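I am going through this structure at the desk and noting what I look up, one topic per entry.

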Amino acid sequence: MMFEELERVIEQFGKDKGIDKKMIIEAIEAALVTAAKKKMGPHVEIEAKYNEENFEIELFQYKTVVEDGDVADPDIEVELTEAKKESGEDVELGDSIGVKLDSEIFGRIAAQTAKQVINQKIRDAEREIIYSEFLARKGEIISGIIRRFERGTVVIDLGKTEGYMPLKEQIPGEQYRIGDRVQSFLLDVLQTPKGPQIILSRATPLYLIKLFEMEVPEIYEGIVSIKSAARDPGSRAKIAVSSKDKDIDPVGACVGIRGARVQNIVSELKGERIDIIPYNSDIAKFVCAAIQPAEVSKVLIDEGNRYMEVIVPDSQLSLAIGRRGQNVRLAAQLTGWKIDVMGETDMSKRYDDAKFSLTQIPNISETLATALFQNGYKTIFEVAEATAQEIIGIPGFDNEEQAQTLINSAKEMVNSGKVIIKTADEKFTVSGKKTADELLREEMQQLMEREKSSSVDSSDSELMKIRGVGPSMVKALNNAGVDTILKLVGTGKDALSQSVEWENKDELSAVYENAVILNNENLIEKGEMPGFTDAEKLSSIPELTRSVVLRLGAVGYTNAESILATTVEDFKTKMMIDEKKAETVYNAVKAAIQG
């Protein structure tokens with residue numbers, strides 16, 4: 001198949017798209033085979049070959065040679081006589097011969113199919129080239145122009161493709177504007193159905209390391225190396241550096257003259273404070289340097305768990321921990337060890353407590369107790385649960401026999417129930433086993449103390465004015481969001497029963513009814529309850545106090561006649577006051593009206 005100026009078109013296309021010429025030819029060949037099979041049928045065997053001499057892509061249809069007259073399907077078989085005419089006399093039965101096809105047999109639809117396949121193949125080739133190119137640049141710093149924002153992700157134009165900087169890879173507080181040129185670290189290259197996805201970052205510690213490589217020649221040349229880095233992006237960072245040349249100070253090389261080198265990096269990171277720390281293979285010295293600017297008094301190391309306790313002067317405790325734990329957190333990330341910081345006073349108290357506990361093991365002196373403490377054992381119970389292999393090597397316990405003797409002695413003391421325990425309030429108790437009755441009494445005492453504590457906290461609540469409400473009920477109501485009488489009444493009896501966790505629902509219902517009465521009394525007092533017309537008349541009856549008059553109105557007796565319209569038994573029930581007092585009030589009202 002002849003294509004006018006095909007060679008020139010292929011070469012020009014390859015230059016424009018950056019695609020290898022061979023890849024373009026393969027795409028065209030595959031497209032033409034697809035188009036031919038769509039025209040002639042999928043069962044037809046077709047091959048495409050590029051002829052470099054005449055710049056022609058030729059299509060061949062392959063057929064199997066059979067006996068004359070035995071052709072069952074002319075698309076895949078050819079008679080021996082015809083085959084010899086096409087390919088020569090040396091053709092034999094069973095051979096597969098290629099017959100060149102005329103390009104004129106392809107129509108417009110087949111040509112369109114070929115074009116679509118070619119375009120798809122080229123797009124795939126472009127994606128593969130972009131993926132390979134950026135994969136090779138993974139770990140480098142690249143720059144681009146911000147084009148848009150997608151759900152917090154910054155989309156950056158990198159020329160041939162776009163890069164994505166997710167929210168978690170951005171420096172907190174940093175402002176980005178469309179059209180700005182931004183520099184970032186190529187964190188990852190992902191292959192997706194839509195093409196390669198370039199993940200960029202300005203928050204990763206790797207970006208900090210790469211900036212130092214670019215800014216410090218000694219790092220680029222390999223004389224100074226960055227062992228590790230930790231960042232709280234936009235706020236603070238730490239890097240550990242070492243030098244292969246003893247004459248070159250790694251920290252000084254990174255700082256530069258008058259801090260010029262490190263200042264350039266600080267400016268790029270929008271003011272992020274950077275601590276440059278000399279690396280040390282001695283982990284204790286390394287951690288002490290990493291925790292700077294605080295001074296370290298002492299360290300306790302647990303190598304098995306990569307754990308370290310750092311003791312600092314009390315005056316420098318906050319400095320060692322840092323704002324919101326930032327300094328110690330970055331130090332832990334930098335060193336790869338778990339670090340706990342403690343003041344000297346707290347450490348001294350912990351040591352005294354440990355010594356008190358450990359010296360209860362028979363034949364353990366303060367010196368041996370100190371050795372055990374320095375190796376992570378703080379109580380006799382921890383020693384009793386240890387293994388001989390864990391104890392061996394601690395000063396004073398050089399062999400398995402000594403270690404096992406220590407463990408056995410600790411176990412015997414623990415099992416005896418005679419271990420004295422120093423509590424937080426400096427009181428002492430014995431660890432002997434308690435009976436079920438003793439434990440139950442302790443639990444009841446604790447509950448009573450909590451109830452008493454709750455009572456103190458609840459005494460100021462207006463809910464305590466409601467008849468039947470105690471501190472526990474106040475707490476239950478508060479947990480349900482009810483903290484005033486008005487809220488309780490507005491909740492409704494059924495809703496209150498469902499929302500408040502209280503075992504006796506009848507008690508809760510009674511409390512609700514009492515609250516309604518109390519609320520009505522408050523409304524009557526303020527003159528805000530309509531219908532209560534005989535307040536003045538009822539108040540003139542000597543036996544009726546102000547509180548009784550309020551209660552009458554609150555429970556629905558709006559005038560004297562309504563009181564007499566009920567029986568004395570119903571009156572007693574509704575008033576919810578002392579039975580004798582209720583009867584006195586009822587008779588007094590009756591006598592006043594009838595008189």
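**Cysteines.** I looked for disulfides in this predicted model and found zero. I then checked how covered two of the cysteines are. Cys254 counts as buried, because its relative accessibility is 0% and the limit for buried is under 20%. Cys288 is partly exposed, because its 25% falls between the 20% and 50% limits.

**Whole chain.** I took the totals next. The protein chain has 26 helices and 17 strands. Of its 595 residues, 38% are buried. The accessible surface is about 34,100 Å², and carbon and sulfur atoms hold 49% of that. Among contacts with a separation of 6 or more, 53% are between residues 24 or more positions apart.

**Barrel.** Which strands close into a barrel? I read the order as 5-6-7-9-8, five strands with mixed pairing. Neighbouring strands of this sheet are turned by 50° against each other on average, with direction ignored. Helix 5 (residues 205-215) packs on the sheet and touches strand 5 (141-150), strand 8 (181-192) and strand 9 (195-201). The direction of helix 5 makes about 125° with that of strand 8. I also looked at one pair within the barrel: strand 6 (residues 153-157) and strand 7 (residues 162-165) run antiparallel and are joined by four bridges. Val154 has Met165 in strand 7 as its bridge partner.

**Strand 11.** I followed strand 11 (residues 236-243) through its pairings. On one pairing, strand 11 and strand 10 (residues 224-232) are antiparallel over eight bridges, and Val224 is bridged to Ser243 in strand 11. The hairpin of strand 10 and strand 11 has three residues between the strands, and Gly234 in this hairpin takes a positive phi near 85°. Strand 11 also runs parallel to strand 12 (residues 273-278), with six bridges between them. The bridge partner of Ile239 in strand 12 is Ile276. Strand 11 is mostly covered, with seven of its eight residues buried.

**Ser242.** Is Ser242 buried or exposed? I have it as buried, because its relative accessible area of 16% is under the 20% limit. Ser242 lies in strand 11. Leaving out residues up to four places away in sequence, Ser242 touches Ile223, Val224, Ser225, Lys227, Pro250 and Tyr279.

**Helix 9 and helix 11.** I compared the axes of helix 9 (residues 283-290) and helix 11 (residues 326-335): they come within 9 Å and cross at roughly 145°. The crossing is right-handed. Which residues meet there? From helix 9 I listed Ile283, Phe286, Val287 and Ala290; from helix 11, Asn327, Ala331, Leu334 and Thr335. An α-helix has 3.6 residues a turn, so residues three or four places apart point the same way.

**Leu330.** Leu330 is in helix 11. I count Leu330 as buried because its relative accessible area is 0%, against a limit of under 20%. Beyond its neighbours within four places in sequence, Leu330 is in contact with Ala230, Arg231, Asp232, Arg236, Ala237 and Lys238. Leu330 and Ile291 are 39 residues apart in sequence, and their C-alpha atoms are 8.5 Å apart.

**Helix 13.** In helix 13 (residues 366-374) I noted Ala369, Ala371, Leu372 and Phe373 as the buried residues. Their cover includes strand 13 (298-302), helix 12 (344-358) and helix 16 (400-415). Gly376, which follows helix 13, has a positive phi near 100°.

**Backbone oddments.** I checked one cis peptide bond: Gln292 to Pro293, with omega near 15°. Pro293 sits in the loop between helix 9 and strand 13.

I also checked two residues that have a positive phi without being glycine. Arg258 has a phi of about 55° and is in the loop between helix 7 (250-255) and helix 8 (260-268). Arg258 is exposed, because its relative accessible area of 87% is over 50%. Arg306 has a phi of about 50° and is in the loop between strand 13 and strand 14 (307-312). Arg306 is partly exposed, because its 42% lies between the 20% and 50% limits.

Note on methods: Residues numbered from 1 in each chain as written. Predicted model: local features only at pLDDT ≥ 70, side-chain atom pairs only at ≥ 80, totals over all residues. Heavy atoms only, no water. Disulfide = S-S within 2.5 Å. Buried < 20%, exposed > 50% of the residue type's maximum accessible area, 1.4 Å probe, protein only. Helix = DSSP H or I, 4+ residues; strand = E, 2+ residues; numbered from the N terminus. Contact = heavy atoms within 4.5 Å. Pairing = 2+ DSSP bridges. Axes fitted to C-alpha atoms, helices over the stretch in contact; angles between N-to-C directions. Areas by Shrake-Rupley, 256 points an atom, 1.4 Å probe, with all protein chains shown as cover. Left-handed = near helix turned anticlockwise from the far one by under 90°.
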